[in-house]
Amino acid sequence: VTPREALALAQGAGRTGQFDVEVHVFTKHRLTRRTVQLALMSATDAFHQPEDDRWRLEGGKDEDGKAIRVIVDLEDGVFVVTAFEVDP
Amino acid sequence: MSYTHTTHVGRFTVTDTGSEPRTTRKGEQAISAEQWSELERRAAITVLREIELVGGEELKFARHALLMTQPELAQHLGVTVETVSRWEHDHKAFGRPVQLAVLELLERVHRGEPLTLPKQATVAEDFVLTALPAKRCA
């Protein structure tokens, strides 16, 4: 998967709501599904992290315009949100 | 198997049981966005039903649980976007009828019913507006 493809897949997952989220992500942050969806949809760059084979999505924003960074795992074609940072 | 899920709805915390999360390849527990949505809706319904008058934070959470933007919620409630924004930011800006209208939207989505926009008032083409006669001053 190339960064461009990863970004397109993430944006698509945000639009369709077809993604999973690790439980610790929303227990740690007061997040809603909608915020994660917006962050995926509005991400502008995807960077592969070779150390854990995950993707870092940058450039996303929540509805208040705050910058959001999302770390995702691509597992059998399904995005799994593994970390979420506001104002990284 | 089920697990206990905690949702923060504004100032309130709702504990619910959800279906067992799956274990990812890296050994973490994960749920689908769809499961997450159901838990959010149930939490929002619980708070809007049980609390006499919620505040803006809870209203914003309820809108998120409906997966709606402010303009979308405004359309469903027949108000302006500015009004919804004010409700969400000003703690005591709306009353119980608004809360009940949002609760109804949540319950309809939860039951799987489609949400339709309220009918707009229309004026027939042959409708003639006649000004009332002005009061005559003595």
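In which sense do strand 3 and strand 4 of chain B pair, and over how many bridges? Let's find out, keeping in mind that this is a predicted model.

**Stop one: a hairpin.** Select residues 22–23 of chain B, which form strand 3, and then residues 29–32 of chain B, which form strand 4. These two strands pair in the antiparallel sense, over two bridges. For one of the partnerships, click on T23(B): its bridge partner in strand 4 of chain B is Q29(B). Now look at the link, where five residues lie between the strands of this hairpin. Pick out G27(B) there, which takes a positive phi near 80°.

**Stop two: across to chain A.** Keep strand 4 of chain B selected and add residues 19–22 of chain A, which are strand 1 of that chain. Strand 1 of chain A and strand 4 of chain B also pair in the antiparallel sense, here over three bridges. Zoom in on D20(A), and you will see S32(B) of strand 4 standing opposite.

**Stop three: two helices.** Next, show residues 33–50 of chain B (helix 1) together with residues 96–110 of chain B (helix 5). Their axes are 10 Å apart, and the helices pack at an angle of about 150°. Angles over 145 degrees count as roughly antiparallel, so helix 1 of chain B is described that way relative to helix 5 of chain B. The crossing of these two helices is left-handed.

To see who meets whom, display side chains including R41(B), I45(B) and L48(B) from helix 1, and V102(B), L106(B) and E107(B) among those from helix 5. Sorted by class, this helix contact has seven nonpolar, six charged and two polar residues.

Methods:
Residues numbered from 1 in each chain as written. Chains lettered and ligands numbered in written order. Predicted model: local features only at pLDDT ≥ 70, side-chain atom pairs only at ≥ 80, totals over all residues. Heavy atoms only, no water. Axes fitted to C-alpha atoms, helices over the stretch in contact; angles between N-to-C directions. Helix = DSSP H or I, 4+ residues; strand = E, 2+ residues; numbered from the N terminus. Parallel < 35°, antiparallel > 145°, perpendicular 65-115°, else oblique. Left-handed = near helix turned anticlockwise from the far one by under 90°. Contact = heavy atoms within 4.5 Å. Nonpolar A, V, L, I, M, F, W, Y, C, P; charged D, E, K, R; others polar. Pairing = 2+ DSSP bridges.
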